[in-house]
Amino acid sequence: MKLDLHCHSHYSDGKHPANFLIERALENGVTHLAITDHDCTNVHEKLDGSQQLSIIKGVEISCTWQNRELHIVGLCIDTSASQLENLLARQQQKRRQRVQQIDAKLVEIGIQGLLPYMSSLPAVAQTRSHVADFLIQQQVCKTRKKVFKQYLNKNGKAYIDALWCSLEEAVEAIASAGGIAVLAHPGRYGLNRSKLSSLVDAFKEAGGDALECTYPSIAIEMQAHLVKLAIDKGIHISGGSDFHDAGAAWTDVGKFPWLPKSTLPFGVWHHPMWSATA
Ligand code: AMP
Ligand code: MN
Ligand code: MN
Ligand code: MN
(Lines give C-alpha, C1' and ligand atoms only; values in the text may rest on other atoms or scores of the structure.)
(Ligands and ions follow the chains in the order given, each with its own letter.)
Protein backbone atom coordinates (compact mmCIF):
# COMPACT_ATOMS: atom_id res chain seq x y z
CA MET A 1 0.00 0.00 0.00
CA LYS A 2 1.47 3.35 -1.08
CA LEU A 3 -0.68 6.42 -0.64
CA ASP A 4 -0.56 9.95 -2.02
CA LEU A 5 -3.43 11.90 -0.46
CA HIS A 6 -2.97 15.37 -1.99
CA CYS A 7 -2.52 16.45 -5.63
CA HIS A 8 -4.01 18.80 -8.23
CA SER A 9 -5.46 18.49 -11.73
CA HIS A 10 -5.97 21.17 -14.39
CA TYR A 11 -9.47 21.88 -13.01
CA SER A 12 -7.59 23.94 -10.39
CA ASP A 13 -3.96 25.00 -10.68
CA GLY A 14 -2.46 21.62 -11.62
CA LYS A 15 -1.04 21.48 -15.15
CA HIS A 16 -2.37 18.04 -16.11
CA PRO A 17 -5.59 16.07 -16.55
CA ALA A 18 -6.54 13.14 -14.30
CA ASN A 19 -5.21 10.53 -16.76
CA PHE A 20 -1.74 11.99 -16.49
CA LEU A 21 -1.86 11.97 -12.67
CA ILE A 22 -3.00 8.35 -12.70
CA GLU A 23 -0.29 7.23 -15.16
CA ARG A 24 2.33 8.98 -13.10
CA ALA A 25 0.96 7.44 -9.89
CA LEU A 26 1.07 3.94 -11.41
CA GLU A 27 4.64 4.47 -12.66
CA ASN A 28 5.62 5.49 -9.13
CA GLY A 29 3.92 2.53 -7.42
CA VAL A 30 1.10 4.52 -5.81
CA THR A 31 -1.86 2.29 -4.88
CA HIS A 32 -4.19 5.01 -3.45
CA LEU A 33 -4.38 8.48 -4.98
CA ALA A 34 -6.51 11.36 -3.68
CA ILE A 35 -7.05 14.13 -6.24
CA THR A 36 -7.69 17.26 -4.19
CA ASP A 37 -8.21 20.32 -6.37
CA HIS A 38 -8.54 23.78 -4.85
CA ASP A 39 -12.25 24.50 -4.24
CA CYS A 40 -13.63 22.20 -6.95
CA THR A 41 -14.38 18.51 -7.48
CA ASN A 42 -15.02 18.42 -11.26
CA VAL A 43 -12.13 16.02 -11.84
CA HIS A 44 -14.10 13.26 -10.11
CA GLU A 45 -17.02 13.46 -12.57
CA LYS A 46 -14.72 12.05 -15.25
CA LEU A 47 -13.48 9.05 -13.24
CA ASP A 48 -15.54 5.88 -13.41
CA GLY A 49 -13.69 3.61 -10.95
CA SER A 50 -12.10 1.54 -13.73
CA GLN A 51 -8.56 2.73 -12.96
CA GLN A 52 -5.81 0.33 -11.90
CA LEU A 53 -5.45 2.05 -8.54
CA SER A 54 -7.79 3.33 -5.84
CA ILE A 55 -8.94 6.88 -6.38
CA ILE A 56 -10.01 8.85 -3.33
CA LYS A 57 -12.43 11.68 -3.98
CA GLY A 58 -10.94 14.82 -2.52
CA VAL A 59 -10.86 18.61 -2.47
CA GLU A 60 -8.68 21.35 -0.89
CA ILE A 61 -10.68 24.23 0.56
CA SER A 62 -9.10 27.64 1.18
CA CYS A 63 -10.38 29.15 4.43
CA THR A 64 -9.62 31.77 7.06
CA TRP A 65 -8.71 31.33 10.72
CA GLN A 66 -7.65 34.29 12.86
CA ASN A 67 -6.91 36.40 9.76
CA ARG A 68 -4.70 33.73 8.23
CA GLU A 69 -5.33 31.65 5.15
CA LEU A 70 -5.37 27.90 5.76
CA HIS A 71 -6.04 24.93 3.50
CA ILE A 72 -8.29 22.05 4.52
CA VAL A 73 -8.18 18.87 2.46
CA GLY A 74 -11.36 16.80 2.36
CA LEU A 75 -10.94 13.08 1.64
CA CYS A 76 -13.56 10.44 0.76
CA ILE A 77 -16.21 13.07 0.07
CA ASP A 78 -19.57 12.62 -1.60
CA THR A 79 -19.09 15.20 -4.37
CA SER A 80 -22.84 15.61 -4.86
CA ALA A 81 -23.57 16.60 -1.22
CA SER A 82 -25.41 19.92 -1.40
CA GLN A 83 -23.77 21.81 1.49
CA LEU A 84 -20.30 21.10 0.05
CA GLU A 85 -21.41 21.83 -3.53
CA ASN A 86 -22.86 25.17 -2.42
CA LEU A 87 -19.76 26.15 -0.49
CA LEU A 88 -17.51 25.28 -3.46
CA ALA A 89 -19.74 27.25 -5.85
CA ARG A 90 -19.36 30.32 -3.57
CA GLN A 91 -15.59 29.86 -3.36
CA GLN A 92 -15.36 29.56 -7.18
CA GLN A 93 -17.41 32.75 -7.56
CA LYS A 94 -15.09 34.58 -5.14
CA ARG A 95 -12.12 33.31 -7.16
CA ARG A 96 -13.62 34.66 -10.43
CA GLN A 97 -14.32 38.02 -8.77
CA ARG A 98 -10.78 38.20 -7.44
CA VAL A 99 -9.35 37.50 -10.91
CA GLN A 100 -11.52 40.32 -12.32
CA GLN A 101 -10.19 42.70 -9.66
CA ILE A 102 -6.62 41.57 -10.38
CA ASP A 103 -7.27 42.17 -14.10
CA ALA A 104 -8.46 45.72 -13.34
CA LYS A 105 -5.22 46.42 -11.45
CA LEU A 106 -3.14 44.94 -14.27
CA VAL A 107 -4.97 47.00 -16.90
CA GLU A 108 -4.19 50.14 -14.85
CA ILE A 109 -0.48 49.37 -15.18
CA GLY A 110 -0.78 48.52 -18.87
CA ILE A 111 -1.06 44.72 -18.86
CA GLN A 112 -4.05 43.55 -20.94
CA GLY A 113 -5.49 40.12 -21.65
CA LEU A 114 -5.82 38.23 -18.35
CA LEU A 115 -9.54 37.46 -18.69
CA PRO A 116 -9.38 35.87 -22.18
CA TYR A 117 -6.33 33.90 -20.99
CA MET A 118 -8.30 32.55 -17.99
CA SER A 119 -11.29 31.64 -20.21
CA SER A 120 -9.00 29.59 -22.46
CA LEU A 121 -8.04 27.25 -19.56
CA PRO A 122 -9.90 24.18 -18.27
CA ALA A 123 -9.69 25.63 -14.72
CA VAL A 124 -12.94 25.73 -12.74
CA ALA A 125 -11.17 27.18 -9.70
CA GLN A 126 -9.21 30.21 -10.91
CA THR A 127 -6.06 30.81 -8.86
CA ARG A 128 -3.19 33.25 -8.53
CA SER A 129 -1.06 30.46 -9.93
CA HIS A 130 -2.84 30.89 -13.31
CA VAL A 131 -2.29 34.65 -13.11
CA ALA A 132 1.41 33.97 -12.48
CA ASP A 133 1.58 31.80 -15.62
CA PHE A 134 -0.08 34.60 -17.62
CA LEU A 135 2.38 37.23 -16.36
CA ILE A 136 5.33 34.98 -17.19
CA GLN A 137 3.89 34.33 -20.66
CA GLN A 138 3.60 38.13 -21.09
CA GLN A 139 7.29 38.38 -20.08
CA VAL A 140 6.40 40.64 -17.16
CA CYS A 141 8.60 38.46 -14.91
CA LYS A 142 10.92 35.54 -15.54
CA THR A 143 10.16 33.33 -12.52
CA ARG A 144 7.12 32.40 -10.43
CA LYS A 145 8.96 33.47 -7.31
CA LYS A 146 9.42 36.99 -8.69
CA VAL A 147 5.88 37.22 -10.04
CA PHE A 148 4.36 36.31 -6.66
CA LYS A 149 6.66 38.70 -4.80
CA GLN A 150 6.24 41.69 -7.15
CA TYR A 151 2.59 41.25 -8.20
CA LEU A 152 0.53 38.62 -6.39
CA ASN A 153 1.54 38.44 -2.71
CA LYS A 154 0.43 40.96 -0.09
CA ASN A 155 1.93 44.36 -1.02
CA GLY A 156 2.32 43.19 -4.64
CA LYS A 157 1.19 45.50 -7.47
CA ALA A 158 -1.88 43.40 -8.29
CA TYR A 159 -2.69 41.95 -4.85
CA ILE A 160 -6.33 41.49 -3.93
CA ASP A 161 -7.47 40.11 -0.57
CA ALA A 162 -9.30 36.80 -0.78
CA LEU A 163 -12.48 36.41 1.27
CA TRP A 164 -12.61 32.70 1.95
CA CYS A 165 -15.03 30.80 4.18
CA SER A 166 -14.13 30.15 7.82
CA LEU A 167 -12.24 27.10 9.10
CA GLU A 168 -15.46 25.90 10.75
CA GLU A 169 -17.49 26.20 7.52
CA ALA A 170 -14.86 24.26 5.57
CA VAL A 171 -14.71 21.40 8.10
CA GLU A 172 -18.50 21.29 8.43
CA ALA A 173 -19.03 21.12 4.66
CA ILE A 174 -16.57 18.21 4.41
CA ALA A 175 -18.29 16.41 7.31
CA SER A 176 -21.71 16.98 5.70
CA ALA A 177 -20.37 15.22 2.59
CA GLY A 178 -19.33 12.20 4.68
CA GLY A 179 -15.66 13.14 4.30
CA ILE A 180 -12.53 13.31 6.43
CA ALA A 181 -11.11 16.81 7.08
CA VAL A 182 -7.31 17.09 6.99
CA LEU A 183 -5.37 20.22 7.95
CA ALA A 184 -3.04 20.62 4.94
CA HIS A 185 0.71 21.37 5.21
CA PRO A 186 0.57 22.83 8.77
CA GLY A 187 4.26 23.73 8.66
CA ARG A 188 3.73 26.20 5.81
CA TYR A 189 1.69 28.77 7.74
CA GLY A 190 4.62 30.35 9.59
CA LEU A 191 3.14 29.55 13.03
CA ASN A 192 5.21 29.02 16.16
CA ARG A 193 4.63 25.86 18.21
CA SER A 194 2.14 27.35 20.61
CA LYS A 195 0.07 28.91 17.79
CA LEU A 196 0.21 25.63 15.88
CA SER A 197 -1.08 23.83 18.95
CA SER A 198 -3.99 26.33 19.27
CA LEU A 199 -4.76 25.85 15.59
CA VAL A 200 -4.92 22.06 15.96
CA ASP A 201 -7.20 22.50 19.00
CA ALA A 202 -9.51 24.82 17.00
CA PHE A 203 -9.43 22.43 14.05
CA LYS A 204 -10.32 19.43 16.24
CA GLU A 205 -13.02 21.44 18.03
CA ALA A 206 -14.54 22.26 14.62
CA GLY A 207 -14.67 18.52 13.83
CA GLY A 208 -11.31 18.13 12.03
CA ASP A 209 -10.02 14.56 11.65
CA ALA A 210 -6.36 14.51 10.60
CA LEU A 211 -3.09 16.40 10.24
CA GLU A 212 -0.96 16.30 7.09
CA CYS A 213 2.35 15.27 8.64
CA THR A 214 4.41 14.74 5.51
CA TYR A 215 4.75 16.61 2.21
CA PRO A 216 7.67 17.56 -0.08
CA SER A 217 10.49 19.58 1.45
CA ILE A 218 9.18 19.24 5.03
CA ALA A 219 12.02 19.35 7.58
CA ILE A 220 12.46 16.12 9.53
CA GLU A 221 12.04 18.03 12.82
CA MET A 222 8.74 19.51 11.62
CA GLN A 223 7.52 16.07 10.56
CA ALA A 224 8.36 14.63 14.01
CA HIS A 225 6.63 17.57 15.67
CA LEU A 226 3.46 17.21 13.58
CA VAL A 227 3.30 13.44 14.19
CA LYS A 228 3.55 14.01 17.95
CA LEU A 229 0.94 16.78 17.78
CA ALA A 230 -1.53 14.57 15.89
CA ILE A 231 -1.06 11.63 18.27
CA ASP A 232 -1.19 13.82 21.42
CA LYS A 233 -4.37 15.55 20.23
CA GLY A 234 -5.97 12.26 19.17
CA ILE A 235 -6.36 12.87 15.44
CA HIS A 236 -5.20 10.86 12.43
CA ILE A 237 -2.13 11.29 10.22
CA SER A 238 -2.15 11.99 6.48
CA GLY A 239 0.40 12.91 3.81
CA GLY A 240 0.78 13.71 0.15
CA SER A 241 2.84 15.19 -2.66
CA ASP A 242 0.75 18.34 -3.36
CA PHE A 243 1.77 17.62 -6.96
CA HIS A 244 0.85 20.32 -9.50
CA ASP A 245 3.19 20.15 -12.46
CA ALA A 246 5.62 17.67 -14.04
CA GLY A 247 7.62 20.71 -15.19
CA ALA A 248 8.49 21.57 -11.58
CA ALA A 249 11.30 19.08 -11.19
CA TRP A 250 11.15 18.96 -7.39
CA THR A 251 7.72 17.29 -7.19
CA ASP A 252 6.19 14.09 -8.47
CA VAL A 253 3.10 12.02 -7.71
CA GLY A 254 3.87 9.73 -4.76
CA LYS A 255 7.14 11.49 -3.92
CA PHE A 256 7.45 12.91 -0.41
CA PRO A 257 9.26 11.82 2.76
CA TRP A 258 7.32 8.85 4.16
CA LEU A 259 6.52 8.44 7.81
CA PRO A 260 8.19 6.20 10.41
CA LYS A 261 6.54 2.73 10.55
CA SER A 262 5.50 3.30 14.16
CA THR A 263 3.06 6.01 13.02
CA LEU A 264 1.15 3.80 10.56
CA PRO A 265 -1.55 2.69 13.07
CA PHE A 266 -2.59 6.37 13.23
CA GLY A 267 -2.93 6.64 9.43
CA VAL A 268 -6.05 8.34 8.07
CA TRP A 269 -6.84 5.16 6.08
CA HIS A 270 -7.90 3.65 9.45
CA HIS A 271 -10.48 6.43 9.97
CA PRO A 272 -14.06 5.07 10.17
CA MET A 273 -15.14 7.34 7.29
CA TRP A 274 -12.33 6.16 4.95
CA SER A 275 -13.55 4.87 1.60
CA ALA A 276 -11.84 4.41 -1.76
CA THR A 277 -12.69 2.93 -5.17
CA ALA A 278 -11.52 -0.59 -6.03
P1 AMP B 1 -4.77 31.05 -4.67
O2 AMP B 1 -5.41 29.86 -4.00
O3 AMP B 1 -5.55 31.57 -5.82
O4 AMP B 1 -4.35 32.11 -3.71
O5 AMP B 1 -3.47 30.51 -5.39
C6 AMP B 1 -2.47 29.98 -4.62
C7 AMP B 1 -1.72 28.92 -5.41
O8 AMP B 1 -0.60 29.53 -6.02
C9 AMP B 1 -1.17 27.89 -4.45
O10 AMP B 1 -2.03 26.78 -4.36
C11 AMP B 1 0.15 27.50 -5.06
O12 AMP B 1 -0.05 26.46 -6.01
C13 AMP B 1 0.57 28.76 -5.80
N14 AMP B 1 1.51 29.62 -5.04
C15 AMP B 1 1.24 30.38 -3.97
N16 AMP B 1 2.33 31.08 -3.58
C17 AMP B 1 3.31 30.79 -4.44
C18 AMP B 1 4.68 31.19 -4.59
N19 AMP B 1 5.25 32.07 -3.77
N20 AMP B 1 5.36 30.66 -5.62
C21 AMP B 1 4.80 29.77 -6.47
N22 AMP B 1 3.52 29.35 -6.37
C23 AMP B 1 2.78 29.84 -5.38
MN1 MN C 1 -2.03 25.17 -5.78
MN1 MN D 1 -2.41 24.05 -0.11
MN1 MN E 1 -2.51 21.61 -2.61
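Here are some short exercises on this predicted model, each with a worked solution.

Before you start: residues are numbered from 1 along each chain as its sequence is written, while chains are lettered from A and ligands numbered from 1 in the order in which they are written. Since the model is predicted, local features need pLDDT of at least 70, side-chain atom pairs count only at pLDDT 80 or more, and totals for chains, interfaces and linings use all residues, while side-chain values use heavy atoms, with hydrogens and water left out.

**Exercise 1. Find the protein donors of the manganese ion (ligand 2), and say which parts of the chain they tie together.**

Step 1: Look for donors, meaning N, O and S atoms within 2.8 Å of the metal (3.2 Å for Na, K and Ca); water is not among the atoms, so sites may look incomplete. You should land on D13 (OD), H38 (NE2) and H244 (NE2), at 2.1 to 2.2 Å from the ion.

Step 2: Write the spacing along the sequence: D-x24-H-x205-H.

Step 3: Place the two histidines. H38 sits in the loop between β2 (32–35) and β3 (54–65), and H244 in the segment after β8 (236–239), so this pair ties together parts 206 residues apart in sequence. Strands (E, at least two residues) and helices (H or I, at least four) are DSSP runs, numbered from the N terminus.

Step 4: Check H38 for burial. Its relative accessible area is 8%, and buried means under 20%, exposed over 50%, partly exposed in between (1.4 Å probe, protein chains only).

**Exercise 2. Do the same for the manganese ion (ligand 3).**

Step 1: The protein donors here are E60 (OE), H71 (ND1) and H185 (NE2), 2.1 to 2.2 Å away.

Step 2: Their spacing reads E-x10-H-x113-H. Distant parts of the chain are linked by a pair of them: E60 is in strand β3 and H185 in the loop between β6 (180–183) and α7 (193–205), 125 residues apart.

Step 3: Now the burial. E60 is buried at 1% relative accessibility, and H185 is buried at 6%.

Step 4: Get the distance to the manganese ion (ligand 2), which is 5.8 Å.

**Exercise 3. Which residues are the protein donors of the manganese ion (ligand 4)?**

Step 1: H6 (NE2), H8 (NE2), E60 (OE) and D242 (OD) do the job, lying 2.1 to 2.2 Å from the ion. E60 is also a donor of ligand 3.

Step 2: The pattern along the chain is H-x1-H-x51-E-x181-D. H8, in the loop between β1 (3–4) and α1 (18–27), pairs with E60 in strand β3, 52 residues apart.

Step 3: H8 is buried, with a relative accessible area of 0%.

Step 4: The manganese ions (ligand 4) and (ligand 2) are 4.8 Å apart.

**Exercise 4. Where does the largest pocket lie, and why?**

Step 1: Start with the domains, whose bounds come from an automatic or database domain assignment. They are domain 1 (3–87 + 166–270) and domain 2 (95–152), with C-alpha centres 26 Å apart.

Step 2: Both domains give residues to the lining of the largest pocket, so it lies between them.

Step 3: Its volume is about 1100 Å³. Of the 32 lining residues, D13, H71, F148, R188 and H244 are closest to the centre.

Step 4: Sort the lining: seven nonpolar, twelve polar and 13 charged. (Ala, Val, Leu, Ile, Met, Phe, Trp, Tyr, Cys and Pro count as nonpolar, Asp, Glu, Lys and Arg as charged, and the others, Gly among them, as polar.)

A quick note on the term: on a 1 Å grid over the protein atoms alone, a pocket is an open set of points where a 1.4 Å probe fits, with protein on both sides within 12 Å along at least five of seven lines; lining residues have an atom within 4 Å of a point. Grid points are joined across faces, edges and corners, and the volume is the space filled by probe spheres set on them.

**Exercise 5. Is α4 (128–137) largely enclosed or open?**

Step 1: Seven of the ten residues of α4 are buried, so the rest of the structure largely encloses this helix.

Step 2: Name them: S129, H130, V131, A132, D133, F134 and L135.

Step 3: See what they pack against: α2, α3 (114–119) and α5.

Step 4: Zoom in on S129, buried at 11% relative accessibility. Leaving out residues up to four places away in sequence, S129 touches D13, R144 and F148, where contact means heavy atoms within 4.5 Å.
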